[in-house]
Amino acid sequence: MSTSTISTHDTKLDLFADIKTTNHEQIVFCNDKASGLKAIIAIHNTVLGPGLGGTRMWNYASEADALNDVLRLSRGMTYKAAISGLNLGGAKAVIIGDANTDKSEALMRKFGRFIENLNGKYITAEDVGTTTKDMEYVNMETDSVVGLPESMGGGGDPSPVTAYGVYMGMKASAKRAFGSDSLSGKKISIQGIGKVGMHLVELVHKEGAEIFVSDINTASLNHAVSTYNAKVVVGNEIYGLGVDIFAPCALGAILNTENINALNCSIIAGAANNQLADENEHGDMIKDKGLLYAPDFLINAGGLINVYSEHIGYNRENAMRDTEKIFDTTMNIFGLAEQQDIHTQKAATVLAQKRIDDILSVQSTY
Ligand code: NAD
């Protein structure tokens, strides 16, 4: 899902030419001098429903970087919602600033007002640099917000649901690669045992997998060793480790040429967003190496499914049941990829786009 680079320093700004390529519907620039709010809301596609995507607060090096990020992320949300069968479109917002020093109640509430003005076309949630507390402030000005605490009728932390979806994607991959979805006795390495990774460790431990973990947080490593009998792997050694399944659950863009060359596994199935450094080049490279890659935006959609459930009336059981369907969708994607001789990420994107096109045609008559 590459997007072209936009420079706000050019004397001639080709913004419309660029969003014609990415096909964004609407981009909203939000400015408020009093609170210091500088935000961009990008609504990529609302064929399937209102655009849902979190708000990222980040100290971007330039406004062009912020714009590129929000365009790229919002487009990703369109495909994540579409492949998951949700009646949601794709959108995302970024607030330009330091989340530790520039955030205030006034800034978040003003941002909520801008969202309210979109009349439900954009629904926000927390993301990097924003918290549940921030969403409570946003919620004071608009109902178009999810990811609220359970005490406010929300779904709480989506990470366990995300982990469950990754687990489903992993089991589907095992079925495809080894003929059985059982993870018992399988060697599984997990890079990053944070909110999602640690839940994943728990799930695969229950099934009797042999677990290897890497993280930069010693307390998390100690917990995984003492509670789940995991073995610790240091730094980049995780890429060359001989395992059945490698689960990237920390950083994006780690599936680059060097790391893919090093990989010594059969399956890649993890939670991290945008794992492929270059979607097509590295998608093909993984395919050519004979590894099975479970598309990240498909198998990490449990969190989105959870907040969607919040949007339609929260029910954890329904969210888990819908997340379980990731198993079947992953199997379908593997079938489509083989049939069309394309890499699995491409197959997932093709299927997501097909759903959008099909529903667009349904809506063509009254
Ligand atoms: P998190 O911040 O709780 O966990 C990330 C973990 O990775 C931390 O423990 C961190 O110490 C570790 N880490 C950082 N750098 C590392 C490195 N170089 N090597 C090994 N470990 C490293 O985040 P999370 O919520 O668990 O999300 C993990 C990934 O999954 C992210 O890419 C996120 O975008 C994606 N994701 C999360 C959700 C969700 O529901 N939380 C949903 C979809 C996608």
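Two strands pair if DSSP finds at least two bridges between them. In this predicted model, strand β7 (residues 187–191) meets that criterion with β10: the two pair in the parallel sense over 4 bridges. One register point is easy to find. Ile 188 has Ile 245 of β10 as its bridge partner.

Now look across to the next strand. β10 also pairs with strand β11 (residues 267–268), again in the parallel sense, over 2 bridges. Here Phe 246 has Ile 268 of β11 as its bridge partner. Between β10 and β11 the chain passes through helix α9 (residues 257–262), and this β-α-β crossover is right-handed.

Strand β10 itself spans residues 245–248. Its side chains go two ways. Ile 245 and Ala 247 point one way, while Phe 246 and Pro 248 point the other. Which of these four are buried or exposed? All are buried.

Next, the charged pairs. The structure holds 18 salt bridges. Start in helix α2 (residues 63–83), where Arg 72 and Asp 69 are 3 residues apart. That spacing is about one helical turn, so the helix itself sets the two residues one turn from each other. Their side chains meet in a salt bridge, 2.7 Å from N to O. The two partners differ in cover. Asp 69 has a relative accessible area of 11%, so it counts as buried. Arg 72 is at 31% and therefore counts as partly exposed.

A second pair reaches further along the sequence. Lys 287 forms a salt bridge with Asp 341, with the closest N and O atoms 2.9 Å apart. Where do these partners sit? Lys 287 is in helix α10 (residues 279–288), and Asp 341 is in the loop between α14 (326–340) and α15 (344–362). They are 54 residues apart, and the pair links distant parts of the chain. Asp 341 has 57% relative accessibility, so it counts as exposed. Lys 287, at 30%, is partly exposed.

A third pair joins Lys 325 and Asp 322, whose closest N and O atoms are 3.1 Å apart. Lys 325 is partly exposed, with a relative accessible area of 47%. Asp 322, at 25% relative accessibility, also counts as partly exposed. Some salt bridges share partners. Through such sharing, Arg 56, Asp 69, Arg 72, Lys 92 and Asp 127 form one network. The α2 pair described above, Arg 72 and Asp 69, belongs to that network.

Finally, turn to the ligand. There are 19 residues around it. Which come nearest? They are Thr 162, Lys 195, Val 196, Asp 215 and Asn 273. Two helices, α5 (159–178) and α6 (195–206), each supply at least two residues of the shell.

The polar contacts can be followed one at a time. A polar side-chain atom of Thr 162 lies 2.7 Å from an oxygen atom of the ligand. Ser 159 also uses its side chain: an N or O atom there is 3.4 Å from a nitrogen atom of the ligand. Ala 271 contributes through its backbone, where an N or O atom lies 3.3 Å from a ligand oxygen atom. How much of the ligand does the protein bury? Taken alone, the ligand exposes 830 Å², and the protein buries 72% of that.

Definitions and conventions:
Residues are numbered from 1 along each chain as its sequence is written. This is a predicted model: local features need pLDDT of at least 70, side-chain atom pairs count only at pLDDT 80 or more; totals for chains, interfaces and linings use all residues. Side-chain values use heavy atoms; hydrogens and water are left out. Buried means under 20% relative accessible area, exposed over 50%, partly exposed in between (1.4 Å probe, protein chains only). A crossover is right-handed if, with the strands pointing away from the viewer, the path from the first strand over the helix to the second runs clockwise. A salt bridge is a side-chain nitrogen of Lys or Arg within 4 Å of a carboxyl oxygen of Asp or Glu. A residue is near a molecule or strand if one of its heavy atoms lies within 4 Å of it. A polar contact is a pair of N or O atoms within 3.5 Å; within protein, one must be able to donate a hydrogen and the other to accept it, and residues adjacent in sequence count only if both atoms are side-chain atoms. Accessible areas come from the Shrake-Rupley method with a 1.4 Å probe; for residues, only the protein chains shown count as cover.
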